[in-house]
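Subject: The structure for you to look at

Hello,

Here is the structure I promised to pass on to you. Please open it beside this email and follow along as you read.

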Amino acid sequence: MEEQVYQLIDGKAVAAQAKKELAAEVANIKQAGGKIPHLAAILVGHDGGSETYVMNKVKSCEAIGFRSTLIRCQADITEEELLRKVQQLNEDDDVDGFIVQLPLPKHISSHKVIEAIDYRKDVDGFHPINVGRMALGLPCFKSATPAGIVELLRHYKIPTKGKHCVILGRSNIVGKPMATLMMQKDYPGDCTVTVCHSRSENLKEMCLSADIIIAALGVPEFLKGDMVKDGAVVIDVGTTRVPSSVTKSGYRLMGDVAFNEVAPKCSYITPVPGGVGPMTIISLMRNTLLASTKSLFSSAEK
């Protein structure tokens, strides 16, 4: 059988274009004497992955013309102290949107922290109000990674209507919101969605029936070539750091998809790195711009 000729979904290129468009919007705001969007981030401890993500967000703010503030906290900060910092940002009128970088140390409840964020500044889209509004198809801040994936599907004009979409992983950050977006009466969307996870039986069979697979388990090279049908679209959300002797940093990023096995069977596939990652940051920047223009929620809403 002939190998499928796949197209690589280039998140880096799509993100670079989106960055230019956002920078032009910010330049217009500046010219009109408007307020420059301001994104703040709270980083607790010194997790290597979190450090990298936050620094990428700060760099993107600079490139687009946003103001950014990074608040560093020691890993032993108490939950009470962290909640106080969240409240300060809620009350700071100059800060349009902010994030608390996850994961948090074990002694802090991430649920408590997320619920403490003013949902009108919740540019990560994790607050229950934003999650609920997204489920109902109402204006809200959409979770950054799923929103970035939707944008990639739209950019490449990948058909989704009536397609079977299998999502591997049920996290609150990717799996669940991704399922919500893919079943909306919209494009991209209108899919028949199956969410699989560590307890799912017949997982291979379900993957083989999928037109679109979104892998977000955090298990390196989990999705193998024999789990994918010819012509499938595969989106790899995995970013696990594994030691590497050939990179300067001493590690490399690995996706959830065994790329060399899976790619020849696909019509479209994302690489790791350079696929979903850059789009996540773009979604966060878009949400920050929306927060600064107050275009999602009326000022009367509390």
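Before we look inside, one definition will help: Ala, Val, Leu, Ile, Met, Phe, Trp, Tyr, Cys and Pro count as nonpolar, Asp, Glu, Lys and Arg as charged, and the others, Gly among them, as polar. Please also keep in mind that this is a predicted model.

**The cavities**

With those classes in hand, look at the lining of the largest cavity: seven of its residues are nonpolar, none is polar and two are charged. The lining consists of Phe 98, Ile 99, Val 100, Leu 102, Ile 114, Ile 117, Asp 122, Asp 124 and Phe 126. Strand S4 supplies the largest share of this lining, with three residues. The space inside the largest cavity is about 50 Å³.

How many cavities of 30 Å³ or more are there? The count is two. The second largest cavity holds about 40 Å³ of space. Around it you will find Leu 39, Ala 40, Ala 41, Val 54, Lys 57, Val 58, Cys 61, Ser 68 and Thr 69. Strand S2, helix H2 (48-64) and strand S3 (67-73) are the elements that each give two or more residues to this lining. Helix H2 has the largest share, at four residues. By class, the lining of the second largest cavity divides into six nonpolar residues, two polar and one charged.

**A pocket**

Next, turn to the second largest pocket, which has about 420 Å³ of space. It is lined by 20 residues, and those closest to its centre are Lys 142, Ala 147, Val 150, Arg 154 and Leu 181. Two or more lining residues come from helix H6 (144-155), and two or more from helix H10 (276-292). The classes here are 11 nonpolar, four polar and five charged residues.

**Helices H6 and H10**

The two helices that help line that pocket are also joined by a salt bridge. The side chains of Arg 286 and Glu 151 meet there, at 2.5 Å from N to O. Arg 286 belongs to helix H10 and Glu 151 to helix H6, so this pair ties together parts that are 135 residues apart in sequence. Are these two residues buried or exposed? Arg 286 counts as partly exposed, at 26% relative accessibility, while Glu 151 counts as buried, at 17%. The cut-off behind this is that buried means under 20% relative accessible area.

Helix H10 deserves a little more of your time. Of its 17 residues, 13 are buried, so the helix is largely enclosed by the rest of the structure. At 1.5 Å a residue, H10 should span 24 Å, and its end C-alpha atoms are 25 Å apart, which agrees. After H10 comes Lys 294, whose phi is positive, near 55 degrees.

**A network of salt bridges**

Lys 294 appears again in a network of salt bridges, where it is linked with Lys 35, Arg 67, Asp 94 and Asp 96. In total, the structure holds 11 salt bridges.

Start with Lys 35, whose side chain meets that of Asp 94 in a salt bridge of 4.0 Å, N to O. Asp 94 sits in the loop between helix H3 (79-91) and strand S4 (97-100), and Lys 35 in the loop between helix H1 (11-31) and strand S2 (38-44), so the pair ties together parts that are 59 residues apart in sequence. Both residues are partly exposed: the relative accessible area is 29% for Asp 94 and 35% for Lys 35.

The side chain of Lys 35 also meets that of Asp 96, at 2.7 Å from N to O. This pair links distant parts of the chain as well, with Lys 35 in the loop between H1 and S2, Asp 96 in the loop between H3 and S4, and their positions 61 residues apart. Asp 96 counts as buried, at 2% relative accessibility.

**The sheet**

Last, find the open sheet. Its six strands run in the order S1-S11-S8-S7-S5-S6, and their pairing is parallel. Which strands lie at the edges? They are strand S1 (7-8) and strand S6 (192-196), each of which pairs on one side only. S1 pairs with strand S11 (residues 266-269) in the parallel sense, over two bridges. In this pairing, Leu 8 stands opposite Ile 269 in S11.

Enjoy exploring, and write back with any questions.

Best wishes

Conventions: Residues numbered from 1 in each chain as written. Predicted model: local features only at pLDDT ≥ 70, side-chain atom pairs only at ≥ 80, totals over all residues. Heavy atoms only, no water. 1 Å grid on protein atoms, 1.4 Å probe; cavity = no way out; pocket = protein on both sides within 12 Å on 5 of 7 lines; lining within 4 Å. Points joined across faces, edges and corners; volume = space filled by probe spheres on them. Pairing = 2+ DSSP bridges. Buried < 20%, exposed > 50% of the residue type's maximum accessible area, 1.4 Å probe, protein only. Expected span 1.5 Å × (residues − 1).
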